[in-house]
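Please find below my notes on this model, set out as numbered points. They follow the sheet, the core and the charged side chains in turn.

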Amino acid sequence: MHTPNLRTITSKNGFETNYITDGKQVIFGGGKTGCSVIKKNGKEYVLAKNWMIDGIDLPSLRILGRDLLIDKNALYYGENVIPLNKLNGLKLIIKEL
């Protein structure tokens, strides 16, 4: 991730989520109490790979709650990804925050 560009994902109305992004990748940060750190070339790096969520379509992303997002492909609850095509025709009524 490009750390100078990190920002909290917020709705148009200013509602903040527990997700952060650099504009390309997304990390879920809610409920984290510790982290793993490695040292490389005299520098310390936080390992956040387990918190990263791949494949989010940022242009279609909508905020449904602090820990709940949806895009054109999936529903994201914390670190869990639920593909919309796996909902077997379930219709969703979405209210963005």
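1. In which sense, and over how many bridges, do strand 7 and strand 8 pair? Strand 7 and strand 8 (residues 68–70) are antiparallel partners joined over three bridges, where pairing requires that DSSP finds at least two bridges between the strands, and strands are DSSP runs (E, at least two residues) numbered from the N terminus. Within this pairing, Ile63 stands opposite Leu69 of strand 8.

2. This is a predicted model, in which local features need pLDDT of at least 70 and side-chain atom pairs count only at pLDDT 80 or more, whereas totals for chains, interfaces and linings use all residues. Residues are numbered from 1 along each chain as its sequence is written, and side-chain values use heavy atoms, with hydrogens and water left out.

3. Four strands in the order 7-8-9-10 form an open sheet with antiparallel pairing. Strand 7 (62–65) and strand 10 (80–83) each have a single partner strand, so one side of each of these edge strands is left without a neighbour in the sheet.

4. The largest nonpolar core (buried Ala, Val, Leu, Ile, Met, Phe, Trp, Tyr and Cys residues joined through side-chain atoms within 4.5 Å; buried means under 20% relative accessible area, with a 1.4 Å probe and protein chains only) has eleven residues, among them Phe28, Ile63 and Leu69. Strand 3 (26–28) and strand 9 (74–77) are the elements that give two or more residues to this core.

5. The structure holds one salt bridge, defined as a side-chain nitrogen of Lys or Arg within 4 Å of a carboxyl oxygen of Asp or Glu. Lys39 and Glu44 form this salt bridge at 3.8 Å, N to O, and both residues are exposed, meaning over 50% relative accessible area.
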